Amino acid sequence: MDKKTETGIKSLKISEDVIEAVIKNAVMSVDGVGGLFGKRPVVMDLTSEFPEVTVSVKLTYSCKAKNVCENIQKKVRDDILSMMGIAIGAVNVRVEGIAAYGA
């Protein structure tokens, strides 16, 4: 489902693929993220007034998981709001593993 935003008289329709790409780039730009995890690392529910996003990640060895997850949440919220004008209600982060050392 695409996210539709009303802007005055006109409407803007943003593809889920575009939103997902922004989320992936935001996640990968956070220090301590070793990579995305799984075939579907980003799951979105855009049907409510405040959409929900779940991302599955691998962290780098010896990072502080709590800090990295909080930074992921902030970065995803800020990037989606500034680029798409969509306020994200929740960003859930699932830590699924540790990236291989030196990878």
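**Exercise 1. Find what share of the protein chain's residues count as buried.**

Step 1. Fix the classes. Buried means under 20% relative accessible area, exposed means over 50%, and partly exposed lies in between (1.4 Å probe, protein chains only).
Step 2. Apply the cut-off. Of the 103 residues in the protein chain, 34% count as buried.
Step 3. Turn to the surface. The protein chain exposes about 6,500 Å², and carbon and sulfur atoms supply 52% of that area. These areas come from the Shrake-Rupley method with a 1.4 Å probe; for residues, only the protein chains shown count as cover.

Ground rules: this is a predicted model, where local features need pLDDT of at least 70 and side-chain atom pairs count only at pLDDT 80 or more, while totals for chains, interfaces and linings use all residues. Residues are numbered from 1 along each chain as its sequence is written, and side-chain values use heavy atoms, with hydrogens and water left out.

**Exercise 2. Write the order of helices and strands along the protein chain.**

Step 1. Define the elements. Helices (H or I, at least four residues) and strands (E, at least two) are DSSP runs, numbered from the N terminus.
Step 2. Count. The protein chain has two helices and six strands.
Step 3. Read along the sequence. The pattern is β-β-α-β-β-β-α-β.
Step 4. Check the sequence range of the contacts (heavy atoms within 4.5 Å). Among contacts with a separation of 6 or more, 61% join residues 24 or more positions apart.

**Exercise 3. Identify which element gives the most to the largest nonpolar core.**

Step 1. Define the core: a set of buried Ala, Val, Leu, Ile, Met, Phe, Trp, Tyr and Cys residues joined through side-chain atoms within 4.5 Å.
Step 2. Locate the hubs. The largest core has 25 residues; Ile-19, Ile-23, Val-27, Val-55, Ile-72, Val-76 and Ile-80 touch the most other members.
Step 3. List the suppliers. Helix 1 (16-28), strand 4 (42-45), strand 5 (52-59), helix 2 (65-84) and strand 6 (90-98) each supply at least two residues.
Step 4. Pick the top one. Helix 2 gives the most, with six residues.
Step 5. Inspect one hub. Beyond neighbours within four places in sequence, Ile-80 contacts Ile-19, Val-22, Ile-23, Gly-85, Ile-86 and Ile-88.

**Exercise 4. Count the disulfides.**

Step 1. Set the criterion: a pair of cysteine sulfur atoms within 2.5 Å.
Step 2. Test Cys-63. Its nearest cysteine sulfur, that of Cys-69, is 7.9 Å away.
Step 3. Conclude. The count is zero disulfides.
Step 4. Add exposure. Cys-63 is partly exposed at 25% relative accessible area, whereas Cys-69 is buried at 15%.
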